[in-house]
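Got your viewer open? Let's take a walk through this model, one selection at a time.

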Amino acid sequence: MNALGQTKRNELIGRWQEIYDLAGIAALSSWDQTTYMPPGGGPVRARQIALLERLAHERRTDSAIGRLLDDLEPYAESLPADHDDVSMVRVMRKLYERAARIPTDFAAEFAEHTANTYMVWAAARPRNDFAAVRPGLQKTLEMSRQMAEFFPGHAHIADPLIDVADEGMTVATIRPLFEELRQALAPLVATIAQRPPVENDFLYRHYPKAQQIEFGEQIIRAFGYDFKRGRQDETHHPYMTKFAHDDVRITTRIDEQDLGNALFSTMHESGHALYELGIDAAYASTPLDTGASAGVHESQSRLWENIVGRSRRFWQHYYPALRAQFPAQLADVEWDAFYHAVNRVAPSLIRTEADEVTYNLHVIIRFGLELDLLEGKLTVDELPEAWHARYVENLGLRAPDDRDGVLQDVHWYGGPIGGSFQGYTLGNIMASQFYATALASHPTIEAEIGQGRFDTLHTWLRENIYRHGSKYTAQELLARVTGKPLTIEPYLAYLRTKYSDIYGPL
Ligand code: ZN
């Protein structure tokens with residue numbers, strides 16, 4: 001059976017490779033669309049992306065894959081549970097069965113629709129023009145609901161959409177977790193608001209673009225991002241993308257009047273890239289050659305951005321280099337003032353620039369809005385005002401316009417409504433669990449960060465998390481690495497310790 005099993009396994013992987021390559025070409029087309037493509041290319045690019053999605057979807061749902069998977073069951077059962085091929089068959093079956101429920105025409109239409117909506121959004125956001133995206137968003141909502149309905153038997157309409165990003169998570173598991181977190185964070189935010197504010201005006205001086213890019217790239221090189229297997233370009237809304245096992249790119253946006261914006265987004269996206277680049281080379285072009293879930297992915301971007309990149313020891317080491325890069329702008333700023341400034345806690349309007357304490361409130365707002373839209377409790381017309389109302393309720397702030405309100409994040413304009421945001425907060429929680437485990441086995445990690453050395457941490461992450469790709473589900477990985485299920489305690493302990501140091505006992 002094993003020889004036959006391996007033949008069939010190779011046939012399955014061969015079929016998968018075409019799907020993987022089509023997805024890589026589609027990602028390349030989207031990357032170009034969001035970086036260098038002139039606006040004139042938009043409509044045909046959307047059609048091209050739809051064609052690639054159609055071709056990939058036809059291959060994903062080919063009944064020959066179903067037959068191969070059936071044939072492979074006895075082979076998979078003959079292997080130890082931890083064997084790579086067992087995971088390969090499990091992941092392929094999940095992807096095949098999920099894809100098979102979605103008609104090819106629908107998949108292609110949705111890809112074209114979201115590519116077009118993205119272009120409308122990119123032009124509409126600077127103009128604060130919600131009316132321009134409203135029809136597209138309405139169609140996205142309808143198609144997202146349809147997509148969920150292809151999976152009957154769900155307890156909540158968002159569950160099938162959440163499952164695509166964070167397999168195994170549901171509204172029923174996420175809602176109480178987020179509520180517990182919200183109740184723990186609210187008093188922290190309130191207490192910090194009573195403390196003397198941290199000064200951060202100097203972050204908003206003029207910081208020329210070229211030097212910002214140079215400094216950010218210096219840092220991510222030190223993290224271990226390999227420019228022979230990646231590159232960084234500018235876009236509207238930063239992201240990481242993968243065309244192949246050895247071509248994992250990141251994007252950023254530069255604001256010359258805001259030093260923190262690109263700096264921390266570059267660290268963030270590099271964390272996503274380190275994960276993908278660290279997957280075992282033996283998994284290249286297979287279904288395992290991708291991260292375990294949106295939440296685990298976000299745990300890595302947030303770990304590098306915040307736990308490392310906003311830490312005291314990190315800036316003790318890197319501040320002299322930053323000051324050398326911007327001598328005039330930072331002449332009157334000492335390192336600890338800078339460290340405090342990049343950790344200033346204050347309710348704000350923009351999720352991607354939010355501090356670690358208030359960040360999850362931005363996510364919880366969006367998660368709640370997605371559920372209400374999908375449930376039909378909220379219409380697209382009511383969405384801009386609902387956005388403002390929830391910001392007032394949760395953060396005590398109201399954006400002056402839709403640009404920094406409902407138009408702020410790309411997600412609903414470039415993908416489905418549902419499943420897009422929970423991963424951010426799940427990632428914050430997991431990041432602390434993983435990091436506490438890494439520290440327990442390698443207590444020198446913190447001192448090394450203070451010397452600008454990240455190899456012990458990076459190696460630990462690669463050995464325990466990255467190299468496995470999607471061999472384990474997020475829940476399996478968390479249990480395997482930390483010995484515990486998802487729990488918010490390490491995250492709350494991390495926040496309390498760090499921010500007590502900055503703001504006084506919390
Ligand atoms: Zn991210």
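Before you click anything, keep in mind that this is a predicted model.

**Stop 1: the zinc ion**

Start by selecting H268 and H272. Both sit in helix α10, which covers residues 259-277. They are four residues apart, about one turn of the helix. Are these two buried or exposed? Both H268 and H272 are buried.

Now add E298 and the zinc ion to your selection. The zinc ion is coordinated by NE2 of H268, NE2 of H272 and OE atoms of E298, at 2.1 to 2.7 Å. Along the chain, the donors follow the spacing H-x3-H-x25-E. What arrangement do the four donor atoms make? Their angles around the zinc ion run from 49 to 122 degrees, so the arrangement counts as irregular.

While you're in this part of the chain, select S285, in the loop between α10 and α11 (294-308). S285 has a phi near 65 degrees, a positive value in a residue other than glycine. Its relative accessible area is 17%, so S285 counts as buried.

**Stop 2: two domains**

Zoom out and colour residues 3-127 as domain 1 and residues 171-503 as domain 2. Their C-alpha centres lie 27 Å apart. The contact takes 29 residues from domain 1 and 38 residues from domain 2.

How much area is buried between the two domains? About 2,700 Å², with carbon and sulfur atoms giving 58% of that. Next, select Y20, W121 and R125: these supply 28% of the area that domain 1 buries against domain 2, more than any other three residues.

Keep R125 on screen and add D404. Their side chains meet in a salt bridge, 3.0 Å from N to O. Between domain 1 and domain 2 the count is two salt bridges.

Now click on N128, in the loop between α5 (104-124) and α6 (130-149). N128 has a phi near 60 degrees, again positive in a residue other than glycine. N128 is partly exposed, because its relative accessible area is 32%.

**Stop 3: salt bridges between helices and loops**

The model's salt bridge count comes to 41. Here are some to look at.

- Select D62 and R15, whose side chains meet in a salt bridge at 3.3 Å, N to O. D62 is in the loop between α2 (42-60) and α3 (63-78) and R15 is in helix α1 (residues 2-35), so the pair ties together parts that are 47 residues apart in sequence.
- Select R45 and D32, where the closest N and O atoms of the salt bridge are 2.6 Å apart. R45 is in helix α2 and D32 in helix α1, so this pair ties together parts 13 residues apart in sequence. R45 counts as buried, at 15% relative accessibility.
- Select R54 and D105, a salt bridge at 2.8 Å, N to O. R54 belongs to helix α2 and D105 to helix α5, so the pair ties together parts that are 51 residues apart in sequence. R54 is partly exposed at 29% relative accessible area, while D105 counts as exposed at 52%.
- Finally, select D70, E73, R93 and E97, which are joined into one network by salt bridges that share partners.

**Stop 4: a loop to finish**

Last click: D332, in the loop between α12 (312-325) and α13 (335-341). Is D332 buried or exposed? With 56% relative accessibility, D332 counts as exposed. Now add F202: the two are 130 residues apart in sequence, and 9.1 Å apart in space, C-alpha to C-alpha.

Terms used:
Residues are numbered from 1 along each chain as its sequence is written. This is a predicted model: local features need pLDDT of at least 70, side-chain atom pairs count only at pLDDT 80 or more; totals for chains, interfaces and linings use all residues. Side-chain values use heavy atoms; hydrogens and water are left out. Donors are N, O and S atoms within 2.8 Å of the metal (3.2 Å for Na, K and Ca); water is not among the atoms, so sites may look incomplete. Four donors count as tetrahedral if all angles lie between 85 and 135 degrees; four count as square planar and six as octahedral if opposite donors are over 155 degrees apart and all others between 65 and 115; anything else is irregular. Helices (H or I, at least four residues) and strands (E, at least two) are DSSP runs, numbered from the N terminus. Buried means under 20% relative accessible area, exposed over 50%, partly exposed in between (1.4 Å probe, protein chains only). Domain bounds come from an automatic or database domain assignment. Contact means heavy atoms within 4.5 Å. Buried area is the accessible area (1.4 Å probe) that two parts lose on being put together, summed over both. A salt bridge is a side-chain nitrogen of Lys or Arg within 4 Å of a carboxyl oxygen of Asp or Glu.
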